[in-house]
Amino acid sequence: MQQDYVYPSIYFSYFFFALMAAGALYFFLKTWRSGYLGENSEEPKYRMLEDDAPGGQQK
Amino acid sequence: MPEEISNTVKSGPAGIAGSWPEHEDTTAKWFLISSIAYFFIVGIIAVTIAAKFVWPSLLGTVQYLTYGRLRPLHVNGMLFGWLLAADMGLTYYLVPRLCGVKLWSEKLGVATAALWNVIVLGAVVCLLMGWNQGLEYAELPLPLDVLVVVAWIMFGANIFMTIASRKYDQMYVSIWYIMGTILWTAFVYLTGNFAVLFATGTNQANLNWMYVHNAVGLIFTPVGLALAYYFIPKASNTPLYSHKLSMIGFWSLAFVYVWTGAHHMLHGPISQWLQTIAIAFSLMLLIPVWAVVYNFFATMKGQWHQLKDNVPLKFLMSGVVFYLLTCFQGPMHSLRSVNAIVSKTDWIPGHAHMAVLGAFSFFAIAGTYFMIPRVFRTRLFSESLGNWSFWFLMLGGLGFFTTLWLGGFWQGWQWNNPAIPFIDTVIALKPVWIVRFFSGILMFLGIVSFAYNIMATIIGAKDNPETAAA
């Protein structure tokens with residue numbers, strides 16, 4: 001008898017999606033607590049401009 | 001050039017000048033070089049299938065050169081051979097720099113690049129032979145799908161280990177987008193290439209469309225935006241307008257995008273509630289899109305004059321405009337009334353090409369123009385040729401997109417009139433496909449001039465005394 005995998009495969013996808021959604025929620029809250037949306041959240045944008053030697057030529 | 005206009009940079013709170021690790025960039029170079037080669041080769045395929053629309057008997061009945069074999073080769077070659085490989089190469093370049101450390105493992109990176117080339121070359125053979133799973137964007141046979149998963153784990157491990165060893169606590173927004181890309185790709189690719197094989201009928205179609213839409217929305221969009229967030233400030237030597245806003249854009253994209261795939265099945269045999277959810281979330285996409293685009297435009301305030309002679313910035317800001325347009329189109333044609341006209345017509349490839357070529361390939365080309373002279377410690381072979389590559393791609397792209405949108409609407413109205421025989425709608429579109437072909441020629445000239453410029457830069461770097469001494 002042929003096995004029907006339609007629903008198990010859809011449940012697998014929904015489980016995977018729920019896992020991703022839960023992970024996104026967890027990291028979003030972690031981001032909030034780490035200050036990414038607070039007063040000092042602008043520091044990385046200045047730092048990235050100086051992340052390499054001028055012209056990219058390494059010393 | 002960026003280094004000549006450094007007076008536009010405001011003093012930041014975390015100056016780290018003079019403390020750069022020595023990056024090897026071997027992996028980034030290999031990914032970029034191979035991706036550009038595939039861009040050129042698959043560009044030939046693209047022009048060939050565009051020609052087949054105008055001259056259907058072109059290349060006769062040789063099975064390997066039929067439309068059915070070449071079209072999946074074009075799609076997979078551009079997505080995985082060119083764009084994703086270029087995105088991965090640029091990721092290997094920018095993540096170590098943003099983290100202030102060297103790449104965790106160059107050896108693992110080079111092995112990943114080698115495996116990626118095996119996958120792409122395997123795909124060429126398999127698709128030309130007709131070994132095809134028959135699912136949109138998931139045409140690769142199962143053994144190659146498994147290799148893609150292995151390569152992605154190698155890529156993800158290398159990038160996550162580099163991020164884990166970073167010098168700074170707070171990460172720049174590009175790193176968030178790249179981490180999202182790695183995790184979302186795992187989810188999207190496994191669903192679209194493995195789970196879908198166990199479903200049938202409407203359920204299979206629904207899973208497939210979730211994969212197709214999220215291949216663009218959760219793979220190419222986040223990695224493309226990671227590149228834009230990195231290269232727009234770097235190429236203009238101007239700080240991003242708001243890092244906080246960029247984080248809001250990131251999280252709103254993370255929560256909204258995944259639900260939209262079912263809008264490909266509007267008026268189809270799926271539940272009305274699922275269609276309505278897809279429409280609602282498609283409209284909500286305007287939130288992250290505007291957060292991103294406003295941030296880029298505000299960054300460029302007072303800096304627009306740089307577009308005149310800054311080739312990477314031309315590609316970047318044109319890409320931003322195309323991103324805005326494509327993300328306005330998407331929600332609009334998710335509305336039932338518009339969808340009833342444009343669905344399955346030429347409008348869709350016009351829309352898809354504006355996203356994948358006009359926005360994300362433009363970001364990748366800009367990143368390549370920015371990165372290659374720096375990692376090879378030389379100057380770009382020709383700024384003039386860089387400008388030519390931009391205008392060829394821009395004019396060809398505009399011709400292609402607008403023609404297919406107009407043609408798509410025309411086609412949709414004809415299809416909605418049962419009095420018109422289907423074959424008449426095919427014949428009516430021939431003028432559209434002629435313009436599409438000549439636009440394709442222009443785009444291919446853009447690819448050729450871009451590829452030649454980059455390769456000449458790399459070859460010319462050998463003659464640079466500074467490079468030779470390094």
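In this predicted model, the loop that joins helix H1 (26–54) to H2 in chain B holds Leu59(B). Leu59(B) is not a glycine, yet its phi is positive, at about 70 degrees. With 15 other C-beta atoms within 10 Å, Leu59(B) comes out as partly exposed. A second case turns up further along chain B, at Tyr137(B), which sits in the loop between helix H3 (106–129) and H4. Here too a residue that is not a glycine has a positive phi, this time of about 65 degrees. Tyr137(B) has 22 C-beta neighbours inside 10 Å, and since 20 or more are enough to call a residue buried, Tyr137(B) counts as buried.

H3(B) itself has 24 residues, and at 1.5 Å a residue it should span 34 Å; the C-alpha atoms at its ends lie 35 Å apart, so expectation and model agree. Quite a list of its residues is buried: Gly109(B), Thr112(B), Ala113(B), Trp116(B), Ile119(B), Val120(B), Ala123(B), Cys126(B) and Leu127(B). Their cover includes H1, H2 and H4 of chain B. Just after H3(B) comes Gly130(B), with a positive phi near 90 degrees.

Next, the packing of H2(B) against H4(B). Helix H2 (residues 67–99) and helix H4 (residues 142–164) of chain B have their axes 9 Å apart and pack at an angle of about 15 degrees. Angles under 35 degrees count as roughly parallel, so that is the label for H2(B) and H4(B). The crossing of H2(B) past H4(B) is left-handed. On the H2(B) side the contact is made by Met88(B), Thr91(B), Val95(B), Pro96(B) and Cys99(B), which meet Phe155(B), Ile159(B), Thr162(B) and Ile163(B) of H4(B). Sorted by type, the residues of this contact are seven nonpolar and two polar, with no charged ones.

That leaves the meeting of the two chains. Chain A puts 34 residues in contact with 43 residues of chain B. On the side of chain A that touches chain B, the elements giving two or more residues are helix H1 (6–33) and helix H2 (43–47) of chain A. H1(A) supplies the largest share of that side, 12 residues. By type, the residues of chain A on this side split into 18 nonpolar, eight polar and eight charged.

Notes. Residues are numbered from 1 along each chain as its sequence is written. Chains are lettered from A and ligands numbered from 1 in the order in which they are written. This is a predicted model: local features need pLDDT of at least 70, side-chain atom pairs count only at pLDDT 80 or more; totals for chains, interfaces and linings use all residues. Axes are lines fitted to C-alpha atoms, for helices over the stretch in contact, and angles run from 0 to 180 degrees between N-to-C directions. Helices (H or I, at least four residues) and strands (E, at least two) are DSSP runs, numbered from the N terminus. Angles under 35 degrees count as roughly parallel, over 145 as roughly antiparallel, 65 to 115 as roughly perpendicular and the rest as oblique. A crossing is left-handed if the near helix is turned anticlockwise from the far one by less than a right angle, and right-handed if clockwise. Two residues are in contact if their C-beta atoms, placed from the backbone, lie within 7 Å. Ala, Val, Leu, Ile, Met, Phe, Trp, Tyr, Cys and Pro count as nonpolar, Asp, Glu, Lys and Arg as charged, and the others, Gly among them, as polar. A residue is buried if 20 or more other C-beta atoms lie within 10 Å of its own, exposed if 12 or fewer, and partly exposed in between; C-beta atoms are placed from the backbone. The expected span of a helix is 1.5 Å times one less than its number of residues.
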